[in-house]
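Please consult the sequence and the structure shown below while reading this briefing. The points are grouped by topic.

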Amino acid sequence: MDVRSQVSMVFHLDKCIGCHTCSIACKNIWTDRRGTEYMWWNNVETKPGTGFPTDWEDQEKYHGGWEVKNGKLGLRSTGKAQTIFNIYHNPSMPTMDDYYEPWTYDYQHLFNAPEGKDQPTARPISMVTGELIQIEAGPNWDDDLGGSPVYAESDPNLKGLTPDQRAQLFAVERLVMFYFPRICNHCLNPACVASCPSGALYKRGEDGIVLVDQERCRGWRMCVAACPYKKMFYNWNTGKSEKCILCFPRVETGQAPACFHSCVGRIRYLGVLLYDASRIEELASRPAAELIEAQRSLILDPHDPEVIAAARQNGIHDSVIASAQRSPVYQFVKVWKIALPPHIEYRTMPMLFYVPPMSPVMSHQANGTIHNASDELFHDIEASRVPLQFLANIFGAGNDAFVRYALRKQKAVRWHRRALTVGDVDKATADRMLQAAQCSPEEAEAIYRLTSLCTFDDRFVIPPMHREEAIQMLEDPLERKQAAGFGFVSGPRRGL
Amino acid sequence: MTTPFTNSLLFIVFPYLAMFIFFLGTIWRYRQSPFTYSSLSSQFLENKRHFWGLVPFHYGILTVLTAHIVAFLLPRQILRWDSQPFRLHALEVTGLAFALLALVGLLGAMLRRLTNSKVREVTTTLDWMVLLLLLVQVTTGLCVAIFHPWGSAWFAAGLTPYLWSLVRFNPELAFVAAAPVLVKLHIVMAYVLIGVTPFTRLVHILVTPNPYLWRRPQVVRWYRSPREIA
């Protein structure tokens, strides 16, 4: 057993209101420089929809992630020899058109325009070339376009849905959508790290944060193609790749990452997971249907004396182990099993988990009245407005059992609380639901508390990073942040 | 270009100066500002023409460059290979083909930088100088191949001894002093290219993905050294 600690995350999609506050917080802190305008280390997508960059989930197009070839785990986009041959031109590289060309407006024209017959306008100008452009796409271009035939119907996750289910998703009076906020998953088996010919990408041993060493990056761009979540970005100005850094300067000083801190819906949870690093390759090679269970088995019980002993032997500080024992992520993922990894079939072992969203209640009309109850306890989950198969394609590698389990438990908790506080639900029915959802009343209370009444300290259990034991930062890392990025002590200088 | 003075300047002082600047400059830059070591790829801004320019150029130029190095390191083997007319012809045609590939690719890349407004945005004056230097070098190389054929043979027989004499710090100019102007130009341009490398994007040649082929897929960095795993 090789125990390591990983700062992990849970996003509770049932609470996400799609306000994009997280994206703005991130953009203002980290990607406000030339060359990074188009990047959104944090973005919020509407599902069904095509996402950012367009169709990122379509791996036939982008060749991201891992695949098992002849029983061996290998990158889809490249192999070692292939990398050498493709180094002059990366065949799987997305271009700016797959994201969008950043722009601003010619505001000065409003003031300086000569007198004329027409009202002057501020026309869009490209932030790359400074020329006038025709805007064809932008950030959140398909925001809220749940039923759109252009965007929503092109969602790669609609694969495997019956024509009936598709029709249901796009019938005007029953349109449905949910939000899917995304950051870097800080994977256990990161494809970006494995693809980097320069060895510039690395995973931090102490907390699992995946970073790019800007001084070692040579701009070979293999990571951009390899990351199946398309969370590696190429800075066209500096010729280096950049990515979400999980706000490590904040986390190291005990603050939640900016997107977590600013989250209006309080959907984000952060905490330490202990895992067994020696089994990653073996478990990531399992058949797709077993991957969710495989990843769960990687995550170790922080209360188990054996695990604690092995963790101590590996140099994990007692305070970090204590933090792991209080981790909300461990509860959601391993104990309650209601948080699921996104697209585990990419085999990167993402360490950001999602609680799948409940759909609006399905109702039917009979004799002029609306009925939204049925004798069956979980009828509205089976006939969910967002088809289970669609959610399963995102959160269950196509297997809907995991999503069903998570949704049933969420519903049972709601009805349990409803029986207690509102009283319009029969207590016996609520108990029956809890039983059917494999949830004890205590567990239901705990889920309810961490979902609805959670404080800041409940949501973010940030482990002490013990930076006093690490290499000291001698200069002010913020000095050149807006020009060159965090940690730069000299001015921005594009390579000659 | 034929006085003994200019000959010593161009073929003795120049190469030593170029190598001196090259080694000192690249090391200094690597240690002083490693952030500037990058391929500075513009593929992200334009993809299609990037393929048609950069792929033929790199494969062409690298093959030709390798051929030069082989002739420098293994002159006897090259001469033995050339001893049969068919093999000599085959080598000559192959070399010419790759040089043409490099030229076509280079022209494609230059045209792309000139016409695509986004790519133009990330192109500096220095980039243009490098491209022009390369263009001159590839063109003179091609002209040498066409007007002074059987280069694989005379390079190995004449230039290799000259280059080795430089390495041994005992320069012998007999062969180069008598060489045609085109060949001289090609040699001098090579020294210029070596000399300007540390100050241009050409440094990206030096950062080939060396440990990548041998290392394990995942890279982990520790601030504290972890327990040694037995």
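This briefing covers the contact between the chains, a sheet, a helix pair and one histidine. The model is predicted. Chain A and chain B meet in a contact that takes 44 residues from chain A and 45 residues from chain B. Strands from both chains also join in an open sheet, in the order β9(A)-β8(A)-β1(B).

**Contact between the chains**

- The contact draws 45 residues from chain B and 44 residues from chain A.
- On the side of chain B that touches chain A, two or more residues come from each of α2 (48–73), α5 (117–121) and β1 (220–221) of chain B.
- Helix α2(B) gives the largest share of that side, with 5 residues.
- By class, the side of chain B that touches chain A comprises 24 nonpolar, 14 polar and 7 charged residues.

**Sheet built from both chains**

- The open sheet has 3 strands, and its pairing is mixed.
- β9 (210–212) of chain A and β1 of chain B are the edge strands; each has a single partner strand, so one side of each has no neighbour in the sheet.
- Strand β8 of chain A, residues 201–204, pairs with β1(B) in the parallel sense over 2 bridges.
- In this pairing across the chains, A:R204 is found opposite B:R221 of β1(B).
- β8(A) and β9(A) run antiparallel and are joined by 3 bridges.
- A:K203 has A:V210, in β9(A), as its bridge partner.
- Strands of a sheet pair through backbone hydrogen bonds, in either the parallel or the antiparallel sense.

**Helix packing in chain B**

- Helix α1 (residues 4–32) and helix α9 (residues 181–196) of chain B pack with their axes 8 Å apart, at an angle of about 20 degrees.
- Angles under 35 degrees count as roughly parallel, and α1(B) and α9(B) are therefore roughly parallel to each other.
- The crossing of α1(B) and α9(B) is left-handed.
- From α1(B), the contact is made by B:L10, B:F14, B:P15, B:L17, B:A18, B:M19, B:I21 and B:F22; from α9(B), by B:V188, B:Y191, B:I194 and B:G195.
- The residues of this contact of α1(B) with α9(B) divide into 11 nonpolar, 1 polar and no charged.

**Surroundings of A:H63**

- A:H63 lies in the loop of chain A between α2 (59–62) and β3 (66–69).
- A:H63 counts as partly exposed because 18 C-beta neighbours lie inside 10 Å.
- Not counting residues up to four places away in sequence, A:H63 touches A:R76, A:S77, A:S92 and A:A225.
- Between A:H63 and A:L75, the C-alpha to C-alpha distance is 8.6 Å, and the two are 12 residues apart in sequence.

Definitions and conventions:
Residues are numbered from 1 along each chain as its sequence is written. Chains are lettered from A and ligands numbered from 1 in the order in which they are written. This is a predicted model: local features need pLDDT of at least 70, side-chain atom pairs count only at pLDDT 80 or more; totals for chains, interfaces and linings use all residues. Helices (H or I, at least four residues) and strands (E, at least two) are DSSP runs, numbered from the N terminus. A residue is buried if 20 or more other C-beta atoms lie within 10 Å of its own, exposed if 12 or fewer, and partly exposed in between; C-beta atoms are placed from the backbone. Two residues are in contact if their C-beta atoms, placed from the backbone, lie within 7 Å. Ala, Val, Leu, Ile, Met, Phe, Trp, Tyr, Cys and Pro count as nonpolar, Asp, Glu, Lys and Arg as charged, and the others, Gly among them, as polar. Two strands pair if DSSP finds at least two bridges between them. Axes are lines fitted to C-alpha atoms, for helices over the stretch in contact, and angles run from 0 to 180 degrees between N-to-C directions. Angles under 35 degrees count as roughly parallel, over 145 as roughly antiparallel, 65 to 115 as roughly perpendicular and the rest as oblique. A crossing is left-handed if the near helix is turned anticlockwise from the far one by less than a right angle, and right-handed if clockwise.
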